[in-house]
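User: I should like to examine the terms used for this structure and the grounds for each of them. Please show it before we begin.

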Amino acid sequence: METVLVTVGSTRFDELTQRITKDDALEMLSLLGCTRLIVQHGCGPAPNLTGQIKNIAVECYSYKPSLKEDLLAADVVIGHAGAGTILESLALRKKMAVVINDHLMDNHQSELARKMEKLGHLSACTCETLLEKLKDIAHMEFAPYHNEGADGAIITLIRNLILQRRTDVLHASDENEKPSALVFVVACVIAATLAYLMLSL
C-alpha cells in the first residue's frame, strides 16, 4: 500500500486524523509499505505532526473541489462512514477501511458501514481498532462493488433508516417532545447523495 488516503469529507473527525498521524500509526504504515499519506481533514484542524516521519511523505489539506485524483492514486482509502465517500471509493475498486465515529448520537452511518462490511465490500472499524484492521487489509480480498445488486441492498437500508427517523420525529411530536428533525434531514440528504452517485456512476 504505497499511497494511503484518509478522508473525512465535509465533516470533522479529529480523532481519526490525529490517530492516523501518531508516531505508532506512521511506523506501522511504513512497515506496510506506505510511502505517501494524504490526509483530508475537513473542517477540523490539520494533524499535529510532532514525530519523525521515516519514508512517508505526508500531505494535509482541508478541502479540494474533487477527491477523484487522490482516490485514483490511493491503494487504500481510510474514510469516515459517509455514503458518498464509501460509494465513490468502492466504485473505483479501492480497498477501504471505514472508521465509525462511535461518539455520534443516532449514528446511522455506522449501520451503513456495517452493512457494506457484511456484503464483503470493505472493512469497518473504530479509531481504537484502526491499526489492527490496517494490518489485515493489505492481504484481504474484497467483493467487487456492482451497482445492480449492491445498490438495492443499500437503498433498502437507507430507506429503512429514513422511515425510522421519520417515526422518531412523529413519535416525539405526539408526545410534545423536541423531535430529532435534524437527524431526519441528515438521513434524507444521504438518500439524495446516494441517488445522485448512482446516476453518475
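User: In which loop is Arg93 found?

Analyst: Arg93 is found in the loop between α4 and β5. Helices (H or I, at least four residues) and strands (E, at least two) are DSSP runs, numbered from the N terminus. This is a predicted model, in which local features need pLDDT of at least 70, side-chain atom pairs count only at pLDDT 80 or more, and totals for chains, interfaces and linings use all residues. Residues are numbered from 1 along each chain as its sequence is written, while side-chain values use heavy atoms, with hydrogens and water left out.

User: Why does Arg93 count as partly exposed?

Analyst: Its relative accessibility is 49%. Buried means under 20% relative accessible area, exposed means over 50%, and partly exposed lies in between (1.4 Å probe, protein chains only). The value for Arg93 falls in between, so the residue counts as partly exposed.

User: What is the phi of Arg93, and in what kind of residue does it occur?

Analyst: Phi of Arg93 is near 60°, a positive value in a residue other than glycine. Arg93 stands just after α4. Within that helix, the buried residues are Ala83, Thr85, Ile86, Leu87, Ser89 and Leu90.

User: What makes His80 count as buried?

Analyst: The relative accessibility of His80 is 8%. That is under 20%, so His80 is buried. His80 is found in the loop between β4 (76–79) and α4 (83–91).

User: With which residues is His80 in contact, leaving aside its neighbours within four places in sequence?

Analyst: Contact means heavy atoms within 4.5 Å. On that basis, and leaving aside neighbours within four places in sequence, His80 is in contact with Thr7, Val8, Gly9, Thr11, Phe13, Thr85, Ile86, Val98, Val99 and Gln109.

User: What makes the pair of His80 and Thr85 a polar contact?

Analyst: Their side chains meet at 3.1 Å. A polar contact is a pair of N or O atoms within 3.5 Å; within protein, one must be able to donate a hydrogen and the other to accept it, and residues adjacent in sequence count only if both atoms are side-chain atoms. The distance of 3.1 Å is within 3.5 Å, so the distance condition is met.

User: Is Thr85 buried or exposed?

Analyst: Thr85 has a relative accessible area of 15%, so it is buried. Its place is in helix α4. Leaving aside neighbours within four places in sequence, its contacts are Thr7, Gly79, His80 and Met96.

User: What is the order of the strands in the open sheet?

Analyst: The six strands have the order β3-β2-β1-β4-β5-β6, with parallel pairing. β3 (57–61) and β6 (123–125) are the edge strands, each pairing on one side only. From one strand to the next, the twist averages 15°.

User: How do you know that β4 and β5 pair, and how many bridges join them?

Analyst: Two strands pair if DSSP finds at least two bridges between them. Four bridges join β4 to β5 (residues 95–99), and the two run parallel; the condition is therefore met. Ile78 stands opposite Ala97 in β5, and Val76 stands opposite Lys95.

User: What packs on this sheet, and at what angle to β5?

Analyst: Helix α6 (residues 130–137) packs there, touching β4, β5 and β6, and its direction makes about 170° with that of β5. Axes are lines fitted to C-alpha atoms, for helices over the stretch in contact, and angles run from 0 to 180 degrees between N-to-C directions.

User: What makes β5 mostly covered?

Analyst: Four of its five residues are buried. For the protein, with its 201 residues, the buried share is 44%.

User: How do you know that Lys64 lies over the face of Tyr61?

Analyst: Lys64 is at 4.5 Å from the ring centre of Tyr61. A charge sits over a ring if NZ of Lys or CZ of Arg is within 6 Å of the ring centre and within 35 degrees of the ring normal. At 4.5 Å, the distance is within 6 Å, so that part of the criterion is satisfied.

User: Why is Gly120 called partly exposed?

Analyst: Its relative accessible area is 23%, which lies between the two cut-offs, so the term applies. Gly120 is found in the loop between α5 (108–118) and β6. Leaving aside neighbours within four places in sequence, Gly120 is in contact with Phe142 and Ala143.
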